[in-house]
Amino acid sequence: MNPMQYNLWVYIAKAEDIDGVWNAHCLDLDIVAFGDTPAQARDNVRQAVETAILDDLNQGLSPLDCPKAPAEYYEELFELQRVGKPANIAGKPGAFSRFAVQVSCSFELVNKQPEVNVSFPQGCWPSWAADAA
């Protein structure tokens, strides 16, 4: 079986209610993770997405047949894409307070066991960055 390949959006922003914490939200699967830095939040959401997809596959479910994030979160993403700029930041937020990046997700069954790979574009994280809204 050839791997199923998908691109998923992750929106990363400073937490509004907790100083020094970053939220990473995979909008397509409505999965949220946190970290002390944007890179840590990004890595934590990648791991959470892999775990959720593996759990769904192990239960015989389609990983992408789940509710997406509410529309207002997509509106934030679209606004970021409109006002932000393409960015190539090596894990350092600098002056930016919100980011968006597309992640590549593939999964397949190998010898009846699910295999999942979630990765961020090499050397191109994030795709978009901007100051606070």
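This passage looks at the nonpolar cores and the salt bridges of the structure above. The model is predicted, so local features need pLDDT of at least 70 and side-chain atom pairs count only at pLDDT 80 or more, while totals for chains, interfaces and linings use all residues. Residues are numbered from 1 along each chain as its sequence is written, and side-chain values use heavy atoms, with hydrogens and water left out.

The largest nonpolar core (buried Ala, Val, Leu, Ile, Met, Phe, Trp, Tyr and Cys residues joined through side-chain atoms within 4.5 Å) has 22 residues, of which L8, V10, C26, L29, V45, V49 and I53 touch the most other members. At least two residues of this core come from each of β1 (4-14), β2 (22-26), β3 (31-35), α1 (38-58), β5 (98-110) and β6 (113-119); helices (H or I, at least four residues) and strands (E, at least two) are DSSP runs, numbered from the N terminus. A second, separate core holds 9 residues, including W9, Y11, L77 and A100.

Turning to charged pairs, the whole structure contains 4 salt bridges, each a side-chain nitrogen of Lys or Arg within 4 Å of a carboxyl oxygen of Asp or Glu. One of them joins K68 to D28, with the closest N and O atoms 4.0 Å apart. These partners lie 40 residues apart, K68 in the loop between α1 and α2 (71-83) and D28 in the loop between β2 and β3. D28 is buried, at 12% relative accessible area, where buried means under 20%, exposed over 50% and partly exposed in between (1.4 Å probe, protein chains only). K68 is partly exposed, at 48%. Within helix α2, E79 and R82 are about one helical turn apart, and their side chains meet in a salt bridge of 3.1 Å, N to O.
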